[in-house]
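Reader: I would like to know what stands behind the terms used for this model. Please take me through them one by one.

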Protein chains: 2
Amino acid sequence: MKTDNSKIKLGHGNGGRQMHKLIKDLILPRFNNPWLNRLGDSALIGPENNRIAFTTDSFVVSPLFFKGGDIGKLAVYGTINDLVMSAAVPKFISLALIIEEGLELSVLERILDSITLACKKEKVKVATGDIKVVEKGACDKIFINTSGIGYVLKGRDLTPSSIEPGDAIIITGNIAEHGLAVLLGRRGGELDFNVKSDCASLAGMLLPAVSKVASVRFMRDPTRGGLATTLNEIAEAAGLGVTLEEKEIPVSGKVRAACELLGIDPLYIANEGKALIVVKKSGSARLLRLLKDHPLGKNARIIGSFTAKFKKRVVLNTLAGGERFIDMLISEPLPRIC
Amino acid sequence: MKTDNSKIKLGHGNGGRQMHKLIKDLILPRFNNPWLNRLGDSALIGPENNRIAFTTDSFVVSPLFFKGGDIGKLAVYGTINDLVMSAAVPKFISLALIIEEGLELSVLERILDSITLACKKEKVKVATGDIKVVEKGACDKIFINTSGIGYVLKGRDLTPSSIEPGDAIIITGNIAEHGLAVLLGRRGGELDFNVKSDCASLAGMLLPAVSKVASVRFMRDPTRGGLATTLNEIAEAAGLGVTLEEKEIPVSGKVRAACELLGIDPLYIANEGKALIVVKKSGSARLLRLLKDHPLGKNARIIGSFTAKFKKRVVLNTLAGGERFIDMLISEPLPRIC
C-alpha cells in the first residue's frame, strides 16, 4: 500500500516513532536551542540555585469523561506530573480553553469543577487563562491546554545523560490503566472490565522521595506510547541499553484480561499516574521502600536496568524465558488518549 | 427570539460582554486567587525584585494565512505582546500544536518557518512544546497555543488601580487592521482593500519607552473586541470614566472605507500590533515622542483621558460634536479572528 507522506497522520501525534521523527525533522532544526533540545518533560530555566521548570500540554481526550477521570483532571495532573518529572514543585498553571459552539454549559462547569478540585488538592494556582470559541464542527467539544511553572528542587538536575550502566529502573505501579479506561469508555461500556484510569498527581509521592534519595538520575511518566516507548526514549537519550524483566512488570488481572480480549499490548498503553524512575542501584531499595509507603506506589517494582552491552535499545526477558527487542510505538492504535 | 442560555455561543469567545460574564460567573469564583483575579495580560509571579510574567493564548484564526501574517506569527507576537503589556522582557515561549489529520506537511512547515522567524527577530526561545493530532473533522486544520515567560522590568508594576483622573490615553497607531485583514481574507479576496494585518511585536518599541517614562501606569493591547472593549475593561478595572476624542483616533483611509462598506465599526475590530497606554498627563508628551521615533509608533496619538466625573464607562466625543457611550462588544461579528 502506498502511503501519502505529504500529510499529517494520526501517528504523528501518538508519542511513538512517527512523532519523534516529526520532532527531529521539522521542529528541532528550526528552534535549535539548549532548552528545547533536551526534550525533557519540562524546560529548565534560570540559574542553578533558582531554577524554574516550564512545560506545556494540550488535552484532546475523547470521551471527555471516563472511568477515573475527565479532561479537566487530566489537564491539571498531566502538567503537574511533567513538572514533577523534572524534580520541580508545581506552583502555577495556565488554562486555555478551545470550546466548540453549542457545548452544554453544564459540561463546561463539570470540567471546571474537576480542574478546581485537582488544583486545590495539589495547591497549584491557575494564574492566567484564555478562552476561544470556534463554530460548531470546528473542534470536538473542548480542548484544553495547560502550561505549568514549578520550582526545581535545589541542586537537582535530572537528565538521561547522568544514567550509568547498572542503574535500576523502577515503575511506580500497575501499567496501562489510563489508556485502557479511555478506550473502553469510547466503546460506551459495551465491554466493562471496570478498568479505571490511573490519572493522579505524582507530586506527593515523588518529590519527598527524590529529596531523600540523591541518586535518582532521571524520571519520566510513560504517557502516550506507554512504558515501551518511554523506555526507548530514555535508552536513546542515555546512549545505553535497557534490559527489562517481563515477570516484574506490574499489570492488574483486569487490565491483562481486557488487553488480551482487545488484542493490544499493555506495554504500549498510556499511563497518567505512573513514573519510570532511573536510580543508582545502591539507592534503589531505599527508593522502592519510600514509594511503597505511599498509596500511589504500593505496586512499585524494579523492572529492569541499564546496560552498556548494547545501545539505545530495549530488550525484554520474557516470561517464557526468551528475549525480544521492544521498539517504540509505531502504528496508531490509540488516538486522542490524552 | 428565545435564546438558549444553557449552551456556549460564539459570543463567549469574542472578548466582549458575554466572555467577561462567563469569566466572572464561571471562572473567577472557582479559581479565586490574587494572580488570576488581576486579569492582567500576564500573571506576575515571584518577589518584586525578581518577578516573572506568565501568559497563555490559543490561536484558532481562520484562514491560517492572511495579508500581513499567519497563525504562526500571530501566536508568537500575540504572546510576546501580552508579556510586554506587563512591562516584561519576553524570553521563553511554549509551543503546543493541535493538528487535524490530513493537514499538508507543507502547510505545517510554512507555519513553523513563520514561528521560527518571529522568535529569531525577537530573541525569544521555544523552550518546550507538545503535538497532538486529532482525526479528520475533529479540529479545523491547526490550533496553536503559546504560553510565555518574561522578566518584569525592575520596580515596574503596571496595574489599572494606579490610574488617576487626568491620566492620558495613547494608542500607538492606526486601529482595526488585523481583524479587517482576516475578515477580508476569509472572503477570498472578493473585496480587496489591500488591508494588511498590523500583527507585530511591540517589545522593541514599548520596553525602551516604558523604561524611560516612569509615569506609565498601564498598558493593554486592544485585540479581540477592539479599542472600545479594551477601554471599557480598563475603565472598569480602574473604577474611573474614559473620555475619548473621535477625531484623534487614527484610522487609515483604506480601513475606514472597508468598514463603511461592510457596515462594521473599527472601534470593535481586533488589533495585533497596537497598544493602549495610560500615562500621567505630565509624561504623555515625552512618551508620545518616544513612540513616534519608532516605525511602529509613527501614528501614535493621545486619544483621550480618564475622569472621575463618571465611572466605569467610556464616552466618545464624536466628530459631529455630540457625545455617546461606547460599550464593550456585545454581538459577535468576528469569530476566529485570532
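Author: What follows goes from the two chains to the domains and then to the strands. The model is predicted.

Reader: What makes the relation of chain A to chain B that of a two-fold axis?

Author: A turn of 180 degrees and a shift of 0.0 Å along the axis lay chain A on chain B, with an RMSD of 0.0 Å. Therefore the relation is that of a two-fold axis. The C-alpha of A:Cys139 is the one in chain A nearest this axis, at 2.0 Å.

Reader: How do you know that the same surface serves both copies?

Author: Of the contact residues of chain A, 100% recur in chain B. The contact takes 60 residues from each side, chain A and chain B. A residue counts here if its C-beta atom lies within 7 Å of one in the other chain.

Reader: Which elements of chain A supply that side, and which gives the most?

Author: Those that give two or more residues include the helices α1 (17-31), α2 (34-37) and α4 (105-122). The strands β1 (43-45), β2 (52-59), β5 (88-100), β6 (125-134) and β7 (142-152) are also among them. β6(A) gives the most, with 10 residues.

Reader: How many residues of that side are nonpolar, polar and charged?

Author: The side of chain A that touches chain B has 31 nonpolar residues, 16 polar ones and 13 charged ones.

Reader: Where do the domains of chain A lie, and how do you know that they touch?

Author: Domain 1 of chain A covers 33-152, and domain 2 covers 160-326. Their centres, taken over C-alpha atoms, are separated by 23 Å. The contact between them takes 20 residues from domain 1 and 21 residues from domain 2. On the domain 1 side, α3 (71-85) and β5 of chain A give two or more residues. The most come from α3(A), with eight residues. By class, this side of domain 1 has 11 nonpolar, five polar and four charged residues.

Reader: What makes β1 and β6 of chain A edge strands?

Author: Each pairs on one side only. They belong to an open sheet of five strands in chain A, ordered β1-β2-β7-β5-β6, with mixed pairing. On average, neighbouring strands of this sheet are turned by 20 degrees against each other, direction ignored.

Reader: How do you know that β5(A) and β6(A) pair, and in which sense?

Author: Two strands pair if there are at least two bridges between them. β5(A) and β6(A) have nine, in the parallel sense, so they meet that condition. Within this pair, A:Ser94 stands opposite A:Thr128 of β6(A).

Reader: Which strands pair with β8(A), and over how many bridges?

Author: β8(A) is joined to strand β11 (residues 276-279) of chain A by four bridges, and the two run antiparallel. Four bridges also link β8(A) and strand β12 (residues 301-307) of chain A in the antiparallel sense. A:Ile171 has A:Leu276 of β11(A) as its bridge partner, while A:Ile169 has A:Gly304 of β12(A).

Reader: Which residues of β8(A) point which way, and are they buried or exposed?

Author: In strand β8 (residues 168-171) of chain A, A:Ala168 and A:Ile170 point one way, and A:Ile169 and A:Ile171 point the other way. In a regular strand, side chains alternate between the two faces of the sheet. All four residues named for β8(A) are buried, so each has 20 or more other C-beta atoms within 10 Å of its own.

Conventions:
Residues numbered from 1 in each chain as written. Chains lettered and ligands numbered in written order. Predicted model: local features only at pLDDT ≥ 70, side-chain atom pairs only at ≥ 80, totals over all residues. Contact = placed C-beta atoms within 7 Å. Nonpolar A, V, L, I, M, F, W, Y, C, P; charged D, E, K, R; others polar. Domains from an automatic or database assignment. Buried ≥ 20, exposed ≤ 12 C-beta atoms within 10 Å, placed from the backbone. Axes fitted to C-alpha atoms, helices over the stretch in contact; angles between N-to-C directions. Least-squares fit on C-alpha atoms with pLDDT ≥ 70 in both.
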